[in-house]
Amino acid sequence: MAASNLKQYIIVYLNSKKYGINIKYIDSIIFMQKITRVPGAQDYFMGVINLRGEVVPVMSLKKRLGLPDEEYGSKARIIIIRPEPQAACVGLVVDQVKEVITLEADSIEKMSYDESDEKAQFNAGIGKVEDDLIDLLNISAITRT
Amino acid sequence: MDVSQYLDIFIDETKEHLQNLNEHLLVLEREPENESTINEIFRAAHSLKGMSATMGFTRMQRLTHDMENVLSEIRNGKMKVSSDLVDILFKGLDALEAYLANIQATSSEGEEDNEEIINALNNILKGKKAETATPAEAVKAEATKVEATKVEATKVAGRKENVQQAEAAGDSSKMKFKTIRLEEHEKKAIVKAGMMDLNVIGVTIYLVETCMLKGARAFMINRAIEEHGEIIKLFPSAQDLEDEKYDFDYSAFIITKESPEVIVDAIMKVSEVKEAVADYIKLSDDDIASNTEAIKKEEATAQIKLFTDTGNAKQGQAAAQKTTAKQLTNRSVRVDIDKLDVLMNLVSELIIAKNGLVSRSSEILELQDAAFREHIEYLERVTTNIHEAVMKTRMVPIESVVNRFPRMIRDLSKQLNKEMELYMTGEDTELDRTVIDEIGDPLMHLLRNAADHGLEPSEERKRLGKNPVGSIYLNAYQDGNSVVIEVKDDGGGINIEKIKKVAIQRGVITEEQAQRMEDKDVIDILFRPSFSTSDKVTEVSGRGVGLDVVKTKIESLGGEIEARSKMGEGSSFIIRLPLTLAIIQSLMVVIGGEKYALPLGNIQSIEEIGKDEIKTIQGKEVINLRGNVIPIIRLGNILECASGEQPKDLLIIIVKKGSRLAGMVVDELIGQLEIVYKSIGKYIKGHKIISGATILGNGEIALILDVNSLV
């Protein structure tokens with residue numbers, strides 16, 4: 001099977017529901033750390049962190065997706081995303097990072113949504129893994145702030 | 001020969017020569033009789049021609065050659081300097097600059113022949129020839145080659161007639177210069193030099209026969225000679241030397257203070273020179289007598305001439321000093337700005353690491369001994385010094401930006417038909433390279449504004465009893481941690497009432513507001529984008545064309561701009577720029593439990609003020625500080641952090657923006673810290689008061705507040 005038909009996703013939990021993030025965007029995954037609040041920022045931004053000497057903004061993925069924003073527990077992680085190879089990093093806070101899965105191109109189903117629905121554009125398709133359905137996230141839309 | 005490796009040097013030197021020409025042409029226009037200026041111009045043009053010929057840029061060479069022809073006529077006193085003439089020469093310079101820009105971009109000079117300018121230059125020459133000069137001179141100017149053969153023929157006779165041998169030297173047959181016939185004006189120059197106690201030396205230079213680039217070699221030899229004196233005649237002519245139309249020897253006549261031995265030494269230092277012979281030149285008594293008389297006559301008719309001559313001698317010395325100074329500064333290395341950026345980033349890292357060590361050492365008890373402290377302090381000193389040193393390497397004198405302005409003002413003066421003069425000070429003030437690259441356009445804009453709208457027409461100035469020649473000032477100086485650039489004019493100033501009226505018409509402000517507004521606030525309207533876009537407003541107010549663009553640019557450089565004006569006396573625009581953008585001294589404060597950094601540059605003082613001293617005027621909190629009524633800004637509210645219980649005394653940091661003061665209320669002071677500026681990126685659109693972030697010694701992040709945006 002040609003490798004180009006395979007896509008790898010990291011499965012994360014948000015409010016105990018599974019979401020997939022394409023691995024090609026991910027720079028690193030770090031533990032939760034102190035986040036410095038930035039006054040006046042968009043409400044889904046939790047603030048900025050110090051990532052190896054760089055200042056990186058961090059957003060609550062739950063808030064960005066319009067989900068109930070409950071406290072992040074001890075399993076919470078920050079996924080450092082690089083939306084484009086040369087772009088600056090941005091962090092997404094998730095409840096838990098579960099595993100890496102490999103999906104074939106034909107097991108990803110595109111969803112048709114109403115264009116005007118802002119939240120819907122965050123979806124990049126539905127991944128079918130055995131009996132499970134995973135909401136694959138559209139990273140470029142999420143990081144387009 | 002592959003000359004591409006010399007391209008960078010060529011570009012740099014050409015730039016220098018062009019700038020030099022620009023400056024001296026401006027002087028020449030003002031002082032047409034200034035000989036040292038003419039000589040300087042001639043030399044620069046000559047070097048340009050030689051360099052472009054060596055590099056194979058023939059169009060450039062042709063244009064400089066024709067310019068040089070005109071300049072040489074001026075130098076020989078056969079042509080007068082006029083404003084039109086200078087105009088054409090300036091056009092020539094512009095064309096040369098265009099060539100250079102092309103060369104820089106594509107390594108080729110392009111296809112533009114600039115026939116128009118060349119024709120104009122040749123017409124000047126022709127016009128001059130038609131009306132003046134003896135036929136002999138005209139022939140000489142056009143056909144030096146003919147003269148070459150002629151001299152060949154008159155070799156024996158010439159020795160008796162024109163040049164007398166000073167000493168009977170054994171190698172006199174090698175001294176071919178003794179057989180060369182001198183023109184009348186050249187003789188005159190020799191006599192004059194004698195009267196000024198200068199030596200006139202003839203020299204014949206023999207190159208080794210294997211010499212490949214004779215043209216370039218002769219050029220180098222002449223440069224070496226010119227360090228010691230002035231070449232008054234070359235044989236064959238300079239053009240023939242450059243075109244390699246000579247065998248392996250040529251002769252030069254030099255006016256100098258030095259002896260022939262010194263000149264020979266200088267020449268022999270150039271490689272591929274086989275031999276050089278030199279001797280003093282003595283004219284026949286007849287020649288001396290007739291020329292002395294002529295010179296005396298000249299002096300009698302124009303006594304000022306003598307005055308300028310001695311002046312020139314002094315200037316000549318100054319110029320000589322300048323060249324030696326230049327040689328000293330030339331001891332430099334070219335470094336790619338990217339490499340300096342890397343170095344700067346590393347220094348930033350070092351400072352963060354140092355801050356980490358400092359904060360850690362204060363937390364750990366075992367490290368609290370004096371010896372350790374000393375080491376830490378030493379480290380602090382070193383990092384601060386490294387930072388300064390690296391910063392300095394990135395600093396460029398503002399001169400490189402402003403030196404094109406005198407020329408621009410001259411052109412504007414003609415274009416607008418207004419008389420004006422530009423006075424510049426502090427050209428040696430240094431700024432970060434990145435700032436220098438960006439500051440040119442805003443400054444140009446302000447100067448144009450001053451020339452176009454600031455200064456009144458000459459007639460009106462006369463009527464008002466002002467000097468009909470308007471003055472524009474460009475002053476730069478360092479003030480603490482920032483650099484101030486001031487653009488000032490002595491025109492009519494900004495018409496406050498007119499701005500108000502137009503602003504009300506445009507709905508920018510209400511009538512009520514207008515009445516309450518102070519002049520300063522009214523002037524600030526000019527910087528608003530909405531205000532400058534309308535042509536109508538521009539016409540009426542006479543200002544505001546793109547002033548918002550200027551302001552945006554300055555602010556993007558971390559600077560600020562302020563306008564001041566006095567009706568009838570003129571207006572000034574004051575730009576304040578930070579010395580460096582990356583590393584800032586700041587005051588660390590706590591507001592609502594969060595740490596923030598305030599750049600020290602803006603801070604005037606820190607005051608502790610009782611709660612009851614705060615008064616409320618028109619819904620705004622103010623304090624009366626030593627007679628100044630200062631508005632109070634509660635940073636806790638603006639930053640939306642819950643300031644705890646209000647203490648009895650408030651800590652107020654007084655910040656200054658231009659001439660305005662404001663008090664910022666903070667909860668706690670931590671102290672002064674050298675911080676590294678980091679952007680918070682494009683994703684977050686925070687409060688505009690937040691200009692960036694910095695990483696503290698313990699790895700925590702503190703946001704940097706741009707309190708200016710609140711004042």
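The exercises below work through a predicted model with chains A and B, each with a task and a stepwise solution.

**Exercise 1. The sheet of chain A**

Task: Work out in which order the five strands of the open sheet in chain A are arranged, and which strands lie at its edges.

Solution. Step 1: Following the pairing across the open sheet of chain A gives the order E3-E6-E7-E5-E4, and the pairing is mixed. Step 2: The edge strands are strand E3 (26-31) and strand E4 (45-51) of chain A, since each of these pairs on one side only. Step 3: From one strand to the next, the twist averages 30°. Step 4: For an example of a parallel pair within chain A, take strand E5 (residues 54-60) and strand E7 (residues 90-94), which are joined by three bridges. To find this pair on the screen, look for A:Ser60, which stands opposite A:Val93 in E7(A).

**Exercise 2. The interface of chains A and B**

Task: Describe the contact between chain B and chain A by its residues and by its buried area.

Solution. Step 1: On the residue count, chain A brings 24 residues to the contact and chain B brings 21 residues. Step 2: The size of an interface is often given as the accessible area lost when the parts come together. Between chain B and chain A this buried area is about 1800 Å², and carbon and sulfur atoms give 60% of it. Step 3: On the chain B side, B:Tyr683, B:Ile684 and B:Ile701 supply 41% of the area that chain B buries against chain A, which is more than any other three residues supply.

**Exercise 3. Charged and polar pairs across the interface**

Task: Identify salt bridges that cross between chain B and chain A, and place their partners in the secondary structure where possible.

Solution. Step 1: Side chains of opposite charge can pair when their charged atoms come close. By the distance rule, three salt bridges are found across the interface of chain B and chain A, while the structure holds 29 salt bridges over all chains. Step 2: One of the pairs links B:Lys678 and A:Glu54, whose side chains meet with an N to O distance of 3.6 Å. In this pair B:Lys678 comes from the loop between strand E22 (668-676) and E23 of chain B, whereas A:Glu54 belongs to strand E5 of chain A. Step 3: Another joins A:Arg37 to B:Glu594, with the closest N and O atoms 2.8 Å apart. Step 4: The search for polar contacts across the interface of chain B and chain A finds six residue pairs. Step 5: Turning to the strands on the side of chain B that touches chain A, at least two residues each come from strand E15 (594-599), strand E23 (690-695) and strand E24 (701-705) of chain B. E23(B) gives the most, with three residues. Step 6: Sorted by type, the residues on this side of chain B are eleven nonpolar, four polar and six charged.

**Exercise 4. A four-stranded sheet of chain B and its helix**

Task: Trace the open sheet of four strands in chain B and find the helix that packs on it.

Solution. Step 1: The strand order is E3-E4-E2-E5 (chain B), with antiparallel pairing. Step 2: Strand E3 (229-235) and strand E5 (273-280) of chain B are the edge strands, each pairing on one side only, and the twist averages 25° from one strand to the next. Step 3: Within this sheet, strand E2 (residues 199-207) and strand E4 (residues 249-256) of chain B pair over eight bridges in the antiparallel sense, and B:Thr204 stands opposite B:Ser251 in E4(B). Step 4: The helix is H9 (residues 184-195) of chain B, which touches E2, E3 and E4 of chain B and whose direction makes about 150° with that of E3(B).

**Exercise 5. Backbone details**

Task: Locate the cis peptide bond that leads to B:Pro236, and the positive phi of A:Ser16.

Solution. Step 1: The peptide bond from B:Phe235 to B:Pro236 is cis, with omega near 0°. B:Pro236 is found in the loop between E3 and helix H11 (238-242) of chain B. Step 2: In chain A, the phi of A:Ser16 is near 55°, a positive value in a residue other than glycine. A:Ser16 lies in the loop between strand E1 (6-14) and strand E2 (17-22) of chain A.

Terms used. Residues numbered from 1 in each chain as written. Chains lettered and ligands numbered in written order. Predicted model: local features only at pLDDT ≥ 70, side-chain atom pairs only at ≥ 80, totals over all residues. Heavy atoms only, no water. Pairing = 2+ DSSP bridges. Axes fitted to C-alpha atoms, helices over the stretch in contact; angles between N-to-C directions. Contact = heavy atoms within 4.5 Å. Buried area = accessible area lost by both parts, 1.4 Å probe. Salt bridge = Lys/Arg side-chain N within 4 Å of Asp/Glu carboxyl O. Polar contact = N/O pair within 3.5 Å; in protein donor to acceptor, adjacent residues only side chain to side chain. Nonpolar A, V, L, I, M, F, W, Y, C, P; charged D, E, K, R; others polar.
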